[in-house]
Amino acid sequence: PPLPLPPPPQNTISIAVEKIIETSIIMATEKSRKRRVCIIGAGPSGLAVLRAFRSEESKLKEGEAMPELVCYEKQSDWGGLWNYSWRTGLDENGEKVHGSMYRYLWSNGPKECLEFADYSFEKHFGKAIPSYPPRPVLFDYIKGRVEKCDVRKFVRFNTAVHRCDYDEKSGKFTVVAQDYGKKETIKEEFDNVVVCVGHFSTPNVPYFPGFESFKGRVLHAHDFRDAVEFKGKRVLIVGASYSAEDIGSQCYKYGAKEIICSYRTAPMPYKWPKEFKTVPLLTKVTGHTAHFKDGSSHEIDAVILCTGYLHSFPFLSDKNLRLETANRLWPLGLYRGIVWEKNPKLFYIGMQDQWYTFNMFDAQAWLARDFILGRQKIPSLDDMQKNSAEWRNKEEKADTAKKQILYQGAYVKDLMKDTNYPKFDVDKVNEVFLHWKHDKMDSIMGYRDVSYPSVLTGTPSPKHHTKWIDALDDSLECYLGAPEKENL
């Protein structure tokens, strides 16, 4: 009789993933040993993960055990980008400066769209506040929730992760970090790693001929710290997205003489003040003269490159662990937008291009927690990739701002349906986003003067005491208190 045919060969990655999933299930049900979870970064994404686990401590089901949580944060305080630093280039420890935050930044989207579902602005401040807070107010809000749930003890500050590897034999990650406070190198093993470092800290810096001999200042938005520096100057903004829009507005607000906006694909579609000029892409700089693709030229004193950021994970040298993607709503390789398909013990939070932010990070963190606790089962590699392909296909059809907002809203709903994260009205948030887009088209310098009711409480937000264009003091005290004297 003929010999039986051998089984068809399996994809080696698929076999490896199946093995990882199998060991994950075994570990999730282990009672004899406490699992260890490493969280890299204590910005909004990392804090969401800490909050997700902390909120569940008193609700663990039979057979579940709270893992040991270790969060590494290279800055001296938490908050990620919202933790402002005057430093640029390298920090006090010789590490690359993480933050791209600048003085006088105000939220460029309504706070009603990012409100934590379990912690409203009203709960934190004891009253309703206007819809567009400045950075210190948002930073206070971010800190308030995690301070109340006592998670600071899990964070190791001034500790930079330099390497993270996975060992297939042991089924564990080895994380190597430098503790600058204790002046020692740490090497620890973990069952899971959650990457929460964001993707707005490694600048995309293009070159244009003449930069090397330009007599003025050339900087990326990552190093922009204070619009007052450009008072009375002619500023060239290269780029046409959110950084360009906001930094151009900041320079105008604080007295720049002229703002020239250079675009690659399409100009920003707003009704700019007369001090703004829109031109196509920069081609070169000679002396103090900038030349553009249409043959026009302008005299300039400074160049600010608002040309975006790169997803960068230098501590993940193994390409089988490292996400590589452009900034888009659905990066491939992440099941449910969070589970690394090639190794489902590894998670990424907040890696999407973002309409939604804090509340989306929360929904992702709650689901990641439930995967780690074994409450949610991780499917096969084929099923994960099929799910990701379906979401990517939908993303590619979302070719307008409205469709993209609705797409990401649907994603947030999909995350929440499988966890106990407090439900909020995503459809109402979508409506606020759409009104916000209209407000910006109506008045790019006045949209921050509009207020919306809270999606969580229904309370209308008051108007701010000072119009944004006149509000030069962005402190918490001024924002929540009386108007600035010079503006009375």
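The axes spoken of here are lines fitted to C-alpha atoms, for helices over the stretch in contact, and the angles between them are taken between N-to-C directions. With that in mind, the reader can turn to this predicted model and begin with helix α2, which spans residues 44–54, and whose axis comes within 10 Å of that of α4, the two crossing at roughly 25°. Because angles under 35 degrees count as roughly parallel, α2 and α4 are described as roughly parallel to each other, and the crossing in which α2 passes α4 is left-handed. On the α2 side the contact is formed by P44, L47, A48 and R51, which meet I142, R145 and V146 in α4; sorted by class, these residues comprise 5 nonpolar and 2 charged, with no polar residue.

Helix α2 also packs against α6, and here the axes come within 8 Å and cross at roughly 50°, so that the two helices are oblique to each other. In this case α2 passes α6 in a right-handed crossing. The residues of α2 that take part are P44, S45, A48, V49, R51, A52 and F53, and they meet F358, F361, D362, A365, W366, R369, I372 and L373 in α6. By class, the contact of α2 with α6 divides into 11 nonpolar residues, 1 polar and 3 charged.

From α6, which covers residues 358–373, the path leads on to helix α8, residues 401–416, whose axis lies 9 Å from that of α6 at a packing angle of about 30°. This pair is therefore again roughly parallel, and α6 passes α8 in a left-handed crossing. M360, A363, Q364 and L367 make the contact from α6, while Q408, Y411, V412, L415 and M416 make it from α8. The class count for this contact gives 7 nonpolar residues and 2 polar ones, with no charged residue.

The aromatic residues offer a second way through the model, which holds 34 aromatic pairs. A pair of aromatic rings is described by the distance of the centres and the angle of the planes. For Y119 and Y141 the ring centres are 5.8 Å apart and the planes stand at 20°, so this pair is stacked. The pair links distant parts of the chain, since Y119 belongs to the loop between β2 (68–72) and α3 (121–125), whereas Y141 sits in helix α4 (residues 135–148), 22 residues apart. Both Y119 and Y141 are buried. Another pair, formed by Y166 and F173, is tilted, with 4.9 Å from centre to centre and 55° between the planes. Y166 counts as buried at a relative accessibility of 16%, and F173 counts as buried at 0%.

Y119 and Y141 also belong to one aromatic cluster, which is formed by W82, F116, Y119, F121, F125, Y141 and F358. Among its members, F358 is one of the α6 residues that meet α2, and Y141 lies in α4.

A last stop is S201, which is found in the loop between β7 (192–195) and β8 (217–220). With a relative accessible area of 16%, S201 is buried, because the limit for that class is under 20%. Apart from neighbours within four places in sequence, the residues in contact with S201 are V97, H98, S100, H222 and Y309.

Technical notes. Residues are numbered from 1 along each chain as its sequence is written. This is a predicted model: local features need pLDDT of at least 70, side-chain atom pairs count only at pLDDT 80 or more; totals for chains, interfaces and linings use all residues. Side-chain values use heavy atoms; hydrogens and water are left out. Axes are lines fitted to C-alpha atoms, for helices over the stretch in contact, and angles run from 0 to 180 degrees between N-to-C directions. Helices (H or I, at least four residues) and strands (E, at least two) are DSSP runs, numbered from the N terminus. Angles under 35 degrees count as roughly parallel, over 145 as roughly antiparallel, 65 to 115 as roughly perpendicular and the rest as oblique. A crossing is left-handed if the near helix is turned anticlockwise from the far one by less than a right angle, and right-handed if clockwise. Contact means heavy atoms within 4.5 Å. Ala, Val, Leu, Ile, Met, Phe, Trp, Tyr, Cys and Pro count as nonpolar, Asp, Glu, Lys and Arg as charged, and the others, Gly among them, as polar. Buried means under 20% relative accessible area, exposed over 50%, partly exposed in between (1.4 Å probe, protein chains only). Rings of Phe, Tyr and Trp (its six-membered ring) pair if their centres lie within 6.5 Å; planes under 30 degrees apart count as stacked, over 60 as edge-to-face and the rest as tilted.
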